[in-house]
Amino acid sequence: MNATIIDAINDALHAEMRNDDRTLVFGQDVAESGGVFRATDGLLAAFGSDRVLDTPLSEIAIVGSAVGLATHGFRPIAEIQFSGFLPPAFDQLVTNASRIRWRTRGELTAPMVVRTPYGAGVRALEHHSESLEGAYGHVPGLTVAIPSTPHDAKGMLISAIRDPDPVLFMEPKHVYRSLREDIPEGAYTEPLGEAAIRREGDDVTVVSWGAMMHKTLEAVDNLDGVDAEVIDLRTISPLDRETITESVRKTGRCVVVHEAAKTGGFAGELVATINDEVLLYLEAPIERVTGFDIPVPLLSMEDYYVPHPPRIEEAITKTVSY
Amino acid sequence: MDDSPRTVPPAAADIGVDPLSQGDLEIETYRVVRSDGSFDAERVPDLDDEAFRDLYRWMLLQRIYDERATKLQRRGRLGTIASGHGQEASIIGSGYALSRDDWIFPYGREAGALLLHGLSMRDLLLYWRGVEDASRMEGANVFGMAISIGSHIPLATGKAWGLELDGEDAIAFANLGDGATSTGAFHEGLNFAGVLGVPAVFFCQNNQYAISLPFDEQTNAETVAQKALAYGVDGIRVDGNDVLAVYNAVSTARERALEGAPVLVEAVTYRRSAHTTSDDPTRYRSGDEVDEWEERDPLARYRAFLERTGRWDAIDEDTIREEVEAEFDEAVDAADAVEERGIDELFAYLHEEMPPELERQLEELRDLLEERPDMYEFIEQRPKG
Ligand SMILES: Cc1ncc(C[n+]2csc(CCOP(=O)(O)OP(=O)(O)O)c2C)c(N)n1
Ligand SMILES: [Mg+2]
């Protein structure tokens, strides 16, 4: 089928709800109205109100009860309407979801998914635009996955649902509907923890994920005479060190692009990983193109915050001509 | 060897355990004016004719503001907005009962109350245009909008604590919806307010929905007001489409709060518009239900009261309407006239003094915009007022 990311997510949910009757979908406005972005449209009609539920306005209870259900052998797929409202439930992710297997020595597990749209660029209100994947990626035991294409959105979401441990599935809402591609019918999986090479090249490795992936590809297309290798990280944690280090070993140069603020952002971890493993192959300092160390501005100025292609192009050019 | 029983026998009925249940409570919904305009004379607040007229004027202003702002949004000149259509009596009745020294913690639907409190309409429009500068809420004791639902409730508790410690004659007044009562922040904030005995009023407009979720699915509690009892604070349930009832309820709550008893007020009303300009309510509720509530229109009810008490003749609705429309036009013009904002705005105010790294990042953005003017192709929305 020809699908946008939102169609692909919807399709994945239908497929897994059909495949496994221990799955449940719940969150704010997901049932009756099909989700504020329509990601869960049609699920209530197809699977009924025992398995598709609207919840109260309680992020803590949504994530916390997902952990409880999961320990009882269910496969909860919870939605947090915007990732800006996940912080109250951060406690449940840190205190319970991520470590339940560890602290019960494997007696209890939490095979659950928390889906949440993230990122700027849709002219929403305050707290609707953040990118905190670095913070979530810092929690041991929590898988953090970010698809950037319809194909991956479906395949990775199905992997997340089938995963034996908790997955935070962050969806780049800025590109929810702006790209289409043909994706397979029925269930298929794309692995978590594996980056994808979007474009092969020899001059420089450019790593990105989510909505920034597309800005990165645009920037690379604009640059004549630069043979860039573009890597879509796809999973923040666990990190696919091998794909990155292998590419940098080949190119000797690297640029990391993310929308989140710079300081403490995930690019830092990538730089450290490259230093650990392939420092002596580097021919130039690694560049980071990121959001600034400020909250995402309100809508009239949010475009200034987002790393657009010209910024990415400048960084690539600087790295290549170092 | 563990010999505890593997099965538990059912509890016998006659052992005298009688659970406390919400059915034991009798909760009155306070009302002054009935839907036909008849009223309880003893409950009519002691206001002068000008104040009675004012209440009508402000409700009409709220309605016109919402209509006009929605139109502006449709033309792309505001971001997402949330209308108070149908909730005018709750918004204005509560706002009118506050002193300018009180602090309002808004969450987005209460334009009229904020304007009453001294905020300029220009700034309110600028806020919904996403202009950072307007978030100051200049000239009015108004906190930032609690877009993260419920997040402001403990804040109001803390502000009230401060007011009390300083012996000020003012309260913290938190506006919230029925959905907010399901957040952890609500429970913690209310409980702590009760423990401290601070001058805070928590004003919940129960408009029957949190986006698509009807109130009876938001909570198994029959009312919001009863939740107050769990924290040992007072609760009032009031007809939120009766402006005089809301005014009395909030005036009373305010007095109680100043005496050290925080109060949770539930105003029972209805959101007749979509949740926001990005919502389609036909997906989750029937037109009949909306029609039913239209018959309980707060302006019509208050007008009926004014007519019955001979006050309507002195009110020239057309003139008020014209005045309000003109006020709105002026506010839009003033917002349009605000100068374009510079990128310094983005980096300012995060710290009292900008750390060197942030200064460096600002410099970097400045240079980039100069060297790569094609950046502006990606910046559709300029920070103009
Ligand atoms: C913590 C949090 N979760 C979710 C949302 C998304 N959201 C915005 S408004 C809303 C419903 C609010 O309902 P209610 O509190 O009843 O206020 P109303 O809009 O009805 O006035 C939701 C779920 C949010 N803004 N904040
Ligand atoms: Mg509500």
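These legends describe close-up views of a predicted model with chains A and B.

**View 1. Two domains of chain A.**
The domain assignment splits chain A into domain 1 (2–182) and domain 2 (196–320). Their centres, taken over C-alpha atoms, are separated by 26 Å. At the boundary, 28 residues of domain 1 of chain A are in contact with 22 residues of domain 2 of chain A.

**View 2. The largest nonpolar core.**
This core has 79 residues. Which members touch the most others? They are A:Leu86, A:Met112, A:Trp209, A:Leu233 and A:Leu270. Helix α1 (residues 5–19) of chain A gives the most to this core, with eight residues. Domain 1 (2–182) and domain 2 (196–320) of chain A each supply at least three residues to this core. Another core lies apart from it and holds 76 residues. Among them are B:Leu125, B:Val142, B:Val263 and B:Val338.

**View 3. Around A:Met112.**
A:Met112 is one of the residues that touch the most other members of the largest nonpolar core. Neighbours within four places in sequence are left aside here. In contact with A:Met112 are A:Val63, A:Ala66, A:Val67, A:Ala70, A:Pro76 and A:Ala97, together with A:Asp165, A:Pro166 and A:Val167.

**View 4. A:Ser33 and its contacts.**
A:Ser33 sits in the loop between β2 (23–27) and α2 (43–47) of chain A. Is A:Ser33 buried or exposed? Its relative accessible area is 5%, under the 20% cut-off, so A:Ser33 is buried. Leaving aside neighbours within four places in sequence, A:Ser33 is in contact with A:Arg38 of chain A. From chain B, its contacts are B:Ser212, B:Arg283 and B:Tyr284.

**View 5. The cis peptide bond at A:Pro238.**
Most peptide bonds are trans. The bond from A:Ser237 to A:Pro238 is cis, with omega near 0°. A:Pro238 has its place in the loop between β12 (235–237) and α9 (241–251) of chain A.

**View 6. Chain B as a whole.**
Chain B contains 14 helices and seven strands. Its C-alpha trace spans about 85 × 80 × 50 Å along its principal axes. Of the 385 residues in chain B, 54% are buried. Take contacts in chain B between residues at least 6 apart in sequence: 74% join residues at least 24 apart. Chain B exposes about 17800 Å², and carbon and sulfur atoms supply 46% of that area. The side chains of chain B include 38 positive and 78 negative ones. The centres of these two sets lie 4 Å apart. The domain assignment gives domain 1 (25–336) and domain 2 (344–378) of chain B. Between the centres of these two domains, taken over C-alpha atoms, there are 39 Å.

**View 7. Positive phi at B:Gln208 and B:Ile211.**
Most residues other than glycine have a negative phi. B:Gln208 has a positive phi, near 75°. The loop between β3 (200–206) and β4 (209–210) of chain B holds B:Gln208. With a relative accessible area of 17%, B:Gln208 is buried. B:Ile211 is not a glycine either, and its phi is positive, about 45°. B:Ile211 is found in the loop between β4 and β5 (213–214) of chain B. At 14% relative accessibility, B:Ile211 counts as buried.

**View 8. Helix α4 of chain B.**
How many of the eight residues of α4(B) are buried? Seven are, and the helix is mostly covered. The buried residues are B:Met121, B:Asp123, B:Leu124, B:Leu125, B:Leu126, B:Tyr127 and B:Trp128. They pack against α1 (49–74), α3 (111–116) and α12 (317–336) of chain B. After α4(B) comes B:Gly130, with a positive phi near 80°.

**View 9. B:Val142 in its loop.**
B:Val142 lies in the loop between α4 (121–128) and α5 (153–165) of chain B. Relative accessibility is 5%, so B:Val142 counts as buried. Not counting residues up to four places away in sequence, B:Val142 touches B:Trp103, B:Ile104, B:Pro106, B:Leu114, B:His117 and B:Met137. B:Gly118 is 24 residues from B:Val142 in sequence. In space, the two are 8.9 Å apart, C-alpha to C-alpha. B:Val142 is also among the members of the 76-residue core.

Technical notes: Residues are numbered from 1 along each chain as its sequence is written. Chains are lettered from A and ligands numbered from 1 in the order in which they are written. This is a predicted model: local features need pLDDT of at least 70, side-chain atom pairs count only at pLDDT 80 or more; totals for chains, interfaces and linings use all residues. Side-chain values use heavy atoms; hydrogens and water are left out. A nonpolar core is a set of buried Ala, Val, Leu, Ile, Met, Phe, Trp, Tyr and Cys residues joined through side-chain atoms within 4.5 Å. Buried means under 20% relative accessible area, exposed over 50%, partly exposed in between (1.4 Å probe, protein chains only). Helices (H or I, at least four residues) and strands (E, at least two) are DSSP runs, numbered from the N terminus. Domain bounds come from an automatic or database domain assignment. Contact means heavy atoms within 4.5 Å. Accessible areas come from the Shrake-Rupley method with a 1.4 Å probe; for residues, only the protein chains shown count as cover. Lys and Arg count as positive and Asp and Glu as negative; His and the chain ends are not counted. The place of a charge is taken as NZ of Lys, CZ of Arg, CG of Asp or CD of Glu.
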